[in-house]
Amino acid sequence: MRKKQNEGRAVANTRTATLIRDLYQVINRKRNACSRKTTVNRQTAVNKLRQFISEEKGGRELTAKGMTKLVICEFYQWHKSKGLSDNYFGCLIANLRPLLKELVGRTRAGELFEDITLSREEPRQSCVGKEKIKRLAELKLEPGSQLERARDITLFCFMACGLPFVDAAYLRKDQLKDGHITFLRKKTNVRQSVTVTPMMQRILDRQSPKDSPFLLPILTTEDAKRQDDEYQNRLKKHNLLLNQLGGMIEPGLRLTSYSMRYAWANIAAERGESINYISCGMMHRNIKTTQTYLRRINQDKFDEMCRRILDFLVA
């Protein structure tokens with residue numbers, strides 16, 4: 001009896017793998033045409049879908065043609081029951097949609113998600129304003145230590161218009177000419193030229209590796225096959241060090257490699273800088289992307305602005 005039950009489970013598991021197998025085949029076909037991060041994100045999305053099918057569908061056969069709006073809605077409800085955010089589900093959709101397009105076509109893949117309405121949630125980033133950045137710069141750290149190196153790289157990224165860590169990692173010395181660093185952003189392929197300020201130059205004088213083509217002490221190898229793994233390890237280590245630095249500034253302050261990017265955008269907005277220029281500095285192709293980095297406006301400041309606009313009506 002038990003043997004038959006086990007055989008039944010094995011058959012069920014094989015059936016549930018039909019859709020998942022097809023999705024993984026698409027990922028493998030597209031692997032060379034996209035970045036390692038995109039591949040990993042797509043694998044994560046498919047794994048979440050597989051977990052949902054396993055837990056909620058009880059091994060029922062599910063194929064690409066069997067994917068319906070109802071299944072997607074059930075997937076969303078299962079996701080919410082796990083206490084996960086709408087932002088995260090939006091990421092899952094963004095990674096599943098191109099895979100499903102390959103299996104069922106663009107039109108049908110888009111229709112599958114029509115009944116899902118996601119609420120935009122504020123990013124869970126610790127608020128890093130000017131005072132905290134100043135305290136970070138003023139920390140007394142051991143010269144040559146890993147903490148000093150992480151702090152310097154973070155400040156360099158902030159001063160370079162909120163430069164993403166991945167772009168900082170791949171900066172090369174030959175991209176620095178006449179006081180400007182000119183490069184292409186890895187994510188959007190947008191060209192950017194950043195002026196090297198005196199403080200940025202002092203960081204380079206202190207941290208730039210002497211016997212390396214790279215501008216900052218992050219990557220050490222030029223072997224493309226090894227670079228991805230080295231970058232991921234350095235990013236993980238960098239975030240651990242930033243977490244320590246955050247605690248040194250303020251107990252419970254969580255810093256990540258993206259904190260300075262949010263900080264630069266918000267400080268620029270608070271100073272009244274044009275969102276067009278902020279978007280340009282962040283190398284975004286769309287201003288809507290820039291807007292997701294900006295905190296909700298201060299209600300008091302908004303009310304004050306409204307009063308200024310209506311001043312001419314006051315007797």
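User: Looking at this predicted model, what makes Cys-91 partly exposed rather than buried or exposed?

Analyst: Its relative accessible area is 43%. Buried would need a value under 20%, and exposed one over 50%, so Cys-91 lands in between and counts as partly exposed.

User: How do you know that Cys-280 isn't bonded to another cysteine?

Analyst: Check the closest cysteine sulfur, which sits in Cys-161: it is 8.2 Å from the sulfur of Cys-280. A disulfide calls for sulfurs within 2.5 Å, so that pair is too far apart for a bond. The count for the structure is 0 disulfides.

User: Why is α2 called roughly perpendicular to α4?

Analyst: The axes of α2 (residues 36-56) and α4 cross at roughly 100 degrees, coming within 9 Å. Angles from 65 to 115 degrees count as roughly perpendicular, so this pair earns the label.

User: Which residues of α2 and α4 meet there?

Analyst: From α2, the list includes Thr-38, Arg-42, Ala-45 and Leu-49. On the α4 side you'll find Tyr-88, Leu-92, Asn-95, Leu-96, Pro-98 and Leu-99. Of these α4 residues, Leu-92, Asn-95, Leu-96 and Leu-99 are also buried.

User: Where is the kink in α4?

Analyst: Go to Arg-97, shortly before the proline Pro-98. The helix covers residues 86-104, and the kink is about 30 degrees. Just after α4 comes Gly-105, with a positive phi of about 95 degrees.

User: What makes up the largest nonpolar core, and which members touch the most others?

Analyst: This core has 52 residues, and the members with the most partners in it are Ile-133, Phe-156, Leu-163 and Leu-245. Elements giving two or more residues include α6 (130-138), α7 (146-159), β2 (180-184) and α10 (224-249). Take Ile-133: leaving out residues up to four places away in sequence, it touches Val-128, Leu-155, Phe-158, Met-260, Ala-263 and Ile-267.

User: Which residues does the second core include?

Analyst: Among its 28 residues are Ile-27, Ile-53, Trp-78 and Ile-116, and this core is separate from the other.

User: And how many helices and strands does the protein chain have?

Analyst: You get 14 helices and 3 strands. Of the chain's 315 residues, 38% count as buried. As for contacts with a separation of 6 or more, 61% come from residues 24 or more positions apart.

Notes
Residues are numbered from 1 along each chain as its sequence is written. This is a predicted model: local features need pLDDT of at least 70, side-chain atom pairs count only at pLDDT 80 or more; totals for chains, interfaces and linings use all residues. Side-chain values use heavy atoms; hydrogens and water are left out. Buried means under 20% relative accessible area, exposed over 50%, partly exposed in between (1.4 Å probe, protein chains only). A nonpolar core is a set of buried Ala, Val, Leu, Ile, Met, Phe, Trp, Tyr and Cys residues joined through side-chain atoms within 4.5 Å. Helices (H or I, at least four residues) and strands (E, at least two) are DSSP runs, numbered from the N terminus. Contact means heavy atoms within 4.5 Å. The bend at a residue is the angle between axes fitted to the seven residues ending there and the seven starting there. Axes are lines fitted to C-alpha atoms, for helices over the stretch in contact, and angles run from 0 to 180 degrees between N-to-C directions. Angles under 35 degrees count as roughly parallel, over 145 as roughly antiparallel, 65 to 115 as roughly perpendicular and the rest as oblique.
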